[in-house]
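Colleague: Could you take me through one part of this model up close? I'd like to hear what sits around it and how far to trust it.

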Amino acid sequence: MFVTAPMSHAQSPSHEQAITLSLLLDKMTRMTDAIQDLKNQIEELQIDRHKDQLPSRNLSVLEVQRDTCIQRHNETVDDFINRFFQIHNEIITTLKSRKTGIIPSRIQEEIYQKKAIEVFCRNIKPKIGSFLYSFELDTLNQAFSKAKIVEGGLQLRKLQMQCNKAFKKPRFQPKEGSYCNYCKKRGHEENDCRTKAHHQRRQ
């Protein structure tokens, strides 16, 4: 049976060495934790950077959609306003989701609203847009209201012209094969003879 000899004083670590090892282990643990925290911070920064870049790309796409949103031939102003406002609302929502840079978000919204008014007046039907340019429009809602009023006025004017055309007295059209026994001319009969009517008024 073998008996393990007790460790000599030279082989066992001294008190100072034990303290040094303990300090080294503590430093290594703290360094490991610091490295892990640094990795987590880097990942968070990458995620935030990705979030910042994503709205920017979406904002550019939405701006293109807004600039190319044109009123169709048979589309009413209300339908065009709904399409246009939906895109503009998405732009403002995306703008608010971004971190505020040098320009405050309120100022950015005002800039985008001015641009939206300009694009709306340009992309609406020319008959309506020409009237909108004569107004001083401060908000997009004002542009929408004026466009509806102008459309209503144009529709009323068109209806009045149709009514006037319907009730307009038809021009005299000569009858084919007719002959006037009074003035001896063709194209009308004696009952419709203007010469006879003129002579009768003079008598």
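Modeller: One cut-off before anything else: a residue is called buried when its relative accessible area is under 20%. By that rule Q71 is buried, because its relative accessible area is 8%. Let's make Q71 and its surroundings the part we look at, keeping in mind that this is a predicted model.

Q71 sits in the loop between α1 and α2. Its side chain is busy with backbone atoms: there's a reach of 2.8 Å to the backbone oxygen of E75, and one of 2.9 Å to the backbone nitrogen of K125. Leaving out residues up to four places away in sequence, Q71 touches T76, V77, F80, R83, N123, I124 and K125.

N123 is a good one to follow next. It belongs to helix α3, and N123 is buried too, with a relative accessible area of 6%. A polar atom of the N123 side chain lies 3.1 Å from the backbone oxygen of D67. With the same residues up to four places away set aside, N123 is in touch with R66, D67, T68, C69, I70, Q71 and F80. So F80 turns up in the contacts of Q71 and again in those of N123.

As for the helix that carries N123, α3 covers residues 105-123, 19 residues in total. From first C-alpha to last it reaches 26 Å, close to the 27 Å expected at 1.5 Å a residue. Along with N123, the buried residues of α3 are Y112, A116, I117, V119, F120 and C121.

On the other side of the loop, F80 leads us to α2. That helix has 21 residues, 77-97, which at 1.5 Å a residue should span 30 Å, and the end C-alpha atoms are indeed 30 Å apart. Buried along α2 are V77, F80, I81, F84, I87, H88, I91, I92, T94 and L95. Viewed down the helix axis, these buried residues fall within an arc of 165°, so they line one face of α2. The general background is that an α-helix has 3.6 residues a turn, so residues three or four places apart point the same way. On the other side of α2 you'll find N82, Q86, K96 and S97 exposed.

Now for the wider setting. The chain has 6 helices and 0 strands, and buried residues make up 20% of its 203 residues. Of the contacts between residues at least 6 apart in sequence, 46% join residues at least 24 apart. The accessible surface comes to about 16,700 Å², with 55% of that belonging to carbon and sulfur atoms.

And how far to trust it? The mean pLDDT of the chain is 81, with 80% of residues at 70 or more. Among the elements, helix α1 (residues 15-67) has the lowest mean, 77, while helix α4 (residues 126-132) has the highest, 93. Residues 1-10 are below 50, and beyond near neighbours in sequence that stretch has 1 contact in the model. Where pLDDT is low, the predicted coordinates should not be read in detail.

Definitions and conventions: Residues are numbered from 1 along each chain as its sequence is written. Side-chain values use heavy atoms; hydrogens and water are left out. Helices (H or I, at least four residues) and strands (E, at least two) are DSSP runs, numbered from the N terminus. The expected span of a helix is 1.5 Å times one less than its number of residues. Buried means under 20% relative accessible area, exposed over 50%, partly exposed in between (1.4 Å probe, protein chains only). The arc is that of the directions from the helix axis to the C-beta atoms. Contact means heavy atoms within 4.5 Å. Accessible areas come from the Shrake-Rupley method with a 1.4 Å probe; for residues, only the protein chains shown count as cover. pLDDT is the predictor's confidence in each residue, from 0 to 100. A polar contact is a pair of N or O atoms within 3.5 Å; within protein, one must be able to donate a hydrogen and the other to accept it, and residues adjacent in sequence count only if both atoms are side-chain atoms.
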